[in-house]
Each structure stands twice: as C-alpha cells, then as structure tokens.
Amino acid sequence: MSENIKSKKKSRRSFIHQASGAMGIVAVSAAGWPLIDQMNPSKDVEALATIEVDISELVEGQSKTVLWRGKPLFIKHRSQKEINDANNVDINQLPHPENDEERVKNPKYLVLIGVCTHLGCVPASDKGDFQGWFCPCHGSHYDTSGRIRKGPAPKNLEIPPYTFKDENTILVG
Amino acid sequence: MSNLKKNERGILNWIDYRLPVISFLKHSAVDYPTPRNLNYWWNFGSLAGFFLLVQIITGVILSMHYTAHVDHAFNSIEHIMRNVNHGWLIRYIHMNGASFFFIVVYIHIFRGLYYGSYKAPRELLWWLGIIILLLMMATAFMGYVLPWGQMSFWGATVITNLFSAIPLIGDNITQWLWGGYSVDNPTLSRFYTLHFLLPFLIVGVVILHIVALHTHGSNNPLGIDKKGPQDSIPFHPFYTIKDLFGLSFALTIFFAVVFFAPDFLGHPDNYIPADPLKTPAHIVPEWYFLPFYAILRAIPDKLGGVIAMFSAIFVLFLLPWLDTSKVRSATFRPIYKILFWIFLLDTIILGWVGSKPAEGIYIIISRIATSYYFVHFLILLPLLGKFEKSRPLPESIGKPVLAE
Amino acid sequence: MHILTIAIFLVSLIFNSYSADKALKPEQYPFSFSKPLGKIDKNSAQRGLQVYVEVCASCHGLKHVAYRSLEGLGYNKDQINRIAAQFQLNDLPNDEGEILKRNAIFSDYFVEPYENYNAAKAANNGAYPPDLSLMVKARKDGANYVRSLLLGYTDAPEGFDVGEGYYNKYMAGNVIAMPQPLYGDDVEYKDGTKASLEQEVNDLVTFLTWTSMPDLENRRAAGLKVIFFLFIMTIVFYLSYRKIWSELKN
C-alpha cells in the first residue's frame, strides 16, 4: 500500500519538475525571438523597398543606374540591334538558359539588379565579349540581356520585381 | 573534481580532464555547500546577477541601433521605439531593467546590513560589493545621458558640475570630463563609450565578489558559522530551484511594469529633446540617486555637499570596523534591530526629500536625515557594540532548523 | 561660471515650483486608452489626424511619425499616399543639383511646417511651437494635460498681466504663447461626426496619444500574455521548489 502511495507521489513530483523545465524552456525561447528579430530590416528600411524611376529622358542605347535596396539597379534602353543580339542566341548553349522575353516586360527596357551573381561585385556596362556587362572582379561576361555567357558566375543577372506604372515610370519593388 | 575521473569515458570527461570547466561549475554552482537556513532575502544576489545580464544583452542590442551624436541621439531612440522590430520592448526592458537592478541591489545591501554580512571574514566581499555599486551608479548616470533628452542634458550638466567644487583644479576637471566648455557632443560620445565598457568591468568585479563569497561561504540569517556538514546542503537543486522561483516572481513584477507602466519610473521631460538654452522646471535624478542627491543639497556649502555625498557611500567601506559588535545577525541584537529599521526609514526619507524642491521645510528635513545617516554609522554603531547586550546565539545552524 | 549655472538652476527650481503650483491639475477624462487594457479608439484617432492636418500642422511638426505608420490607425497604402500628398518637402538634389519640391509619400516622415528652428520661432512671436510627436509622453499625465490645456483658455483674471501671451489656467505660470487653436467649428469631419470643441480636442488627444505611443496596443496585448505565462510559471516553480525542499526535511 505504502509502495503505491510512494510511486504516485513520485510521479507527481517528476511531473511538476517536468512542467517547470518545459515552462522554463518556453520562457527562454520566447525571450530569444525579439532579441533575434531586432536585427531584421526595420520598418523604415522596409518602407524604402519600393521606388519609382523616371525613364522619360533615357534615350536609346543609354543606361541609367539607380539605387534600390542599397544595390545598383541597371535600366537599359536597348537599341533594336541589342534586342536582336539578345534573341539570336541558342539558349541551350547557355549556362543559365533563359529566353530574352522571359527577362523583360517591354523589350526596349531591360531592368537588372547590377550585382554579379558570382561574388557580389558591380559589373561595368557595355563591356565584355558580348557587349553587355563585364564584371572586373573575376571576369564574368554578360550579354545584352544580362545573361551569363562566360566566366565564373553561375547565373544570369537577377531581374527585380517591377511594373510599368505608365509609359515613363517604372515602379520597382 | 573528485567524482570525475580521468579514465572515465564521455566527451565531458575528455574536456574536463583538459580544461576543468565542468568540475569548476560543479564545485561552485552544484555541490557548493550552502547554509540550509537561507531565507528569501538571499535570493537577491542571484537576481542582481540576472539583471546585470539582462542589461548587458539588451544594451548590446540597443547599441546596434543607437547613434551617439547630439544631432541624432534623440531621433535614434525614437527610431528604436518606432521602427526597429521589438525595439520598444527591448528599450523599455533596458530602461526599467536599470531601475530593477538598483532595487534588487539595494535590497541585497540592506540584507547585508541586517544580517551583518560585512563582518569578518567577509570584509573584502563587502568592499567588492560597494565597488560594484559605485560602478553601477557611474554606468546608470552615463546611460541616462544617452537619450539626449532634457533630463539627460541637465542631469549631466549638474552632476559633472559637482566636480568643479574641487579646489584649484575643479574647473579643469569638469572641462576634462566634458571635452569642451559645456556638456556637448564630445561628452555624449565618451559617456557612450564608458557606458558600454563599465558593465563588463562590473562583470569582472562580480566574479571576484563570487570568489570571495565562496571562500568562506554564504552568511545566513543566524549569522553563525557552519559547524559541520549537517549545517549545509548542496546548492543544486535546493537553491537553484529557490532562486528560479524567486526569479520568476520578480520577472512577473518586472514585466508588469515594462508592459503596463514603462514610463512610470522615468521622467516626462526626457521625451523633450535636449535644449542647452532652457532648463526644465524641476531637475530630479533617477529615483535610485535621490537619497544621495538629498545629502548633496542638505549641505549649504558646495564643496561640503559634494564631500558629504561621496562620504555617504565611502562610509560603507569602513562599516566592518565601525560596527564593533561581534554578533552578526540583527536577530540577536535587539537594539541594532531597531536602529536598522530607523536607518532604512532615514534613507527612504532622504529619497523622498531628494525628489522635492530644495526649499523651506524640505531643507530642514534633509539636514536632519543627513545628520542621522552619518550619526548611525559614525557614532551609534561603534558605541552600540560596546553597550548592547545581545541575545544568546544558537549552537549551530542545523539545530534550530531540525528542531522545527 | 559653474557656480552661476548651479545658482540659475536652483533659482529656477524654486521659481518654477512656485509657478508650477499655480497651474491647475489636469481634469481627468475617461479616454478609450485610459484603463490599463484600453485601446486607441481608431475612429477618434482618424478624426484627430484630420484636426492635426487641418489646424495644428500649420505650426506644429510631427517629425518622428512616418506616414506609413498610419497603417496602425487602419488606413491602407493609397489612403496614406493621399494624406501624405497634402504635404510638400524638398526633394534630394536632382541631376542638375537643384532642390525641387515634391509631394510626400508613404515612406516619408510628417513634413515639418518650417524650414528650421529659427524660422519657426520668427513666425510665432519668438515662441517655438514644439513638435507634437511625443507631446503626450513629454508631459505629466499627458493626455489629460493636453486635453485640459486646449479646453482651458479663459479670460485672464482682473489685474493679471499676460504680456504677449494668453491666459490658460492649466499652463505652468498660467501664460501660454499659443493663442487658442480650436474653437469647435475648425473642421468638417469626413465621417460625419458633428464637430464641437470638446469633440475635436478629444479626437486630437487620442491621435497624439497614438503618435506618442504607437506601441501601446501591441504592448498591452503582449503584456497580458506574458504576465499570465509568468504567473503560471511562478506557481509551477513554487510547487517544484516545495517538492524539492520537502525531500530535505524527510
């Protein structure tokens, strides 16, 4: 009989200790989250994630660089020749096969994040073997559609999310 | 060390054989023999350590978002409050954490006063504690300057001006503190650096404090030494769980303040940006400085006031020798027990007049209370040890506990 | 020189505590947020925003508040952009280095009414109209204080010299540099609420409480959960503690 009481007592005892331990763990992890989350982008930074770019004065052949989320954004007004060059490619030969149409909303305007997909340098415009962009850091060559053609970069230049607000304004972000 | 043998297997043993951290922890936080009769007033030591940790963690985080420049400091605080994820929570914890750190430490000190924890062989333990208090005060004062509100600025101005009371070189010292001719950007910048640095110094002194504590073990409510193993119990699990319970209770109160009255302990004027051309109507320091502020203002002479204020803390260093009684605990000292409560009341009165304008009746009260503060330490305590007839001490710690 | 600073400080302390005594204690009003678990009345705060934009904003800034944060009062992004477009600010220098005006947008902070501190002072008889972002937090019993102050304009008692200011029994010293800003017919509320002096003041104070403490509702909601959790945890820890110590006594 006394054995029974003892074991019952013991189980209640260990239950309360387990409950203590569980609550302690919950408390510590709940306290941890704000301490981690505070390093994520703050509200003011998030609000700047969208910008408008005026392209009315961008003439054919010219490109414009603006800052978006702290990164350069290339907006290129492509000539017909450049558009043709971008389309006259067998995409199966490319390291990262993408059609030019997939990469533009309006073929005249190419919008790219100007960060080399290799290690984050900024490629130079109208340079390189394919008349697109050339990254000076480790020699990656991009074509007039911003696709990687030669060099160590694994992927094409990234396209940011954007829309044409009207004919002359691009809304990025 | 004893039960971790070098030939036993396991990663922990492997590490411990090479770097005895586990033995050390076991020795000082698990097996550590603690008097079996400690009451809840002994919770406040570990609580103080906890709040120090909270201040350091939240402080390091705030420093990631704060800008120490007179043009940006105030705005960067608002940035933390409004834009940073959970920034308001972290800042409110840091703000109120300072207050709670002081509450806990003051209770810890008064516990030491009541139970005679400063007496031999714990004099250096006591000294290290006072050094921690001084470092805390410096840290808290400089931290209060960082938001660069009106109270920050004028508090800094008044307190740094205290040093100008030093004869001959006073003005040079204040200019040296300011890095200019008034509290300004150089002052803010260096206060920020020191505010960041000092807490780590506090951690260092806390470690020494614990080393000194563990050398002769904790004092206890009876104030008598341990006579044998029957008088003590291992720290873990008995005091770990008791400390955790106390911590959880304290946190409930702490977070009630943080979430429902976060600005209660602050001053509204500190939400007005600093203006060097306009002094606020009432300048009051944070509540934990009020008793010392009252002592400062009680003396009609500038230098005298400053000396009295610093003496109020430095007299604590002499306490182990000023108190001539051999009996530690106030439980067995009928007259000291009364004096203890009068002294506690006296410090509360000092805190209260410190928050009042220095005029009329308040000046008289502050002078009486200040005088009593020093009379208590310098006259009453030395004499008391000679005349007081203490009650008989129990034979051992274990006896009255087991007799229960 | 330092003695002078301290002397000025002490004199001002005494002086101001006298004059502060002359100000009446603010009248207590039961706002939606007054109770510990109260919330900000969003409709009232939206009307208060209208009062701020149409009346206060001509002199007082709200520089710590971003338009985007108005989402907290229940506006959507388009509505916020329309509210923001009522304010103009200096753009960044363009490609030619000229600084042009542009309409404020979502991500901007409330545009301040004056170019700088001195311009603000000069336009207001030498008295700087304080920024209102933190007004409710920056005064003791702030919400009631601002409400009482805005309702507290009366004629000065016989023989009381207000100088260039105005008489207000809730102001420290009873003289305020700001003329009575609200009379009751200052706005036509978009939601059809009938404007009256007290209505406008209550709405404005609700709005300014929100600008001072945008965290208020989150804080209270989170606080309730945290306190509840800690309360339970304290009890569980206590039981654990009793169990462990009961083993000692046996």
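A:Cys137 is partly exposed in this predicted model, because its relative accessibility of 37% lies between the 20% limit for buried and the 50% limit for exposed residues. A disulfide joins A:Cys137 to A:Cys121, with an S to S distance of 2.0 Å. The torsion about this S-S bond is about -90 degrees, so the disulfide is left-handed. The pair links distant parts of the chain, 16 residues apart: A:Cys121 lies in the loop between strand S4 (109-113) and strand S5 (124-127) of chain A, and A:Cys137 in the loop between strand S6 (132-135) and strand S7 (140-142) of chain A. Over all chains, the count is one disulfide.

Two cysteines that are in no disulfide are set out below.

| Cysteine | Nearest cysteine sulfur | Distance | Relative accessible area |
|---|---|---|---|
| A:Cys116 | A:Cys135 | 3.8 Å | 4%, buried |
| C:Cys59 | C:Cys56 | 9.0 Å | 25%, partly exposed |

The contact between chain A and chain B involves 11 residues from chain A and 12 residues from chain B. Together the two chains bury about 970 Å², of which 59% is on carbon and sulfur atoms. On the chain B side, B:Asn83, B:Asn85 and B:His86 supply 47% of the area buried against chain A, more than any other three residues. Seven residue pairs are in polar contact across the two chains, both residues at pLDDT 80 or more, whereas the count of salt bridges is zero.

Helix H3 (44-65), helix H4 (73-82) and helix H5 (87-114) of chain B each give two or more residues to the side that touches chain A. The largest share, four residues, comes from H3(B). By class, this side of chain B has six nonpolar, five polar and one charged residues.

Definitions and conventions: Residues are numbered from 1 along each chain as its sequence is written. Chains are lettered from A and ligands numbered from 1 in the order in which they are written. This is a predicted model: local features need pLDDT of at least 70, side-chain atom pairs count only at pLDDT 80 or more; totals for chains, interfaces and linings use all residues. Side-chain values use heavy atoms; hydrogens and water are left out. Contact means heavy atoms within 4.5 Å. Buried area is the accessible area (1.4 Å probe) that two parts lose on being put together, summed over both. A salt bridge is a side-chain nitrogen of Lys or Arg within 4 Å of a carboxyl oxygen of Asp or Glu. A polar contact is a pair of N or O atoms within 3.5 Å; within protein, one must be able to donate a hydrogen and the other to accept it, and residues adjacent in sequence count only if both atoms are side-chain atoms. Ala, Val, Leu, Ile, Met, Phe, Trp, Tyr, Cys and Pro count as nonpolar, Asp, Glu, Lys and Arg as charged, and the others, Gly among them, as polar. A disulfide is a pair of cysteine sulfur atoms within 2.5 Å. Buried means under 20% relative accessible area, exposed over 50%, partly exposed in between (1.4 Å probe, protein chains only).
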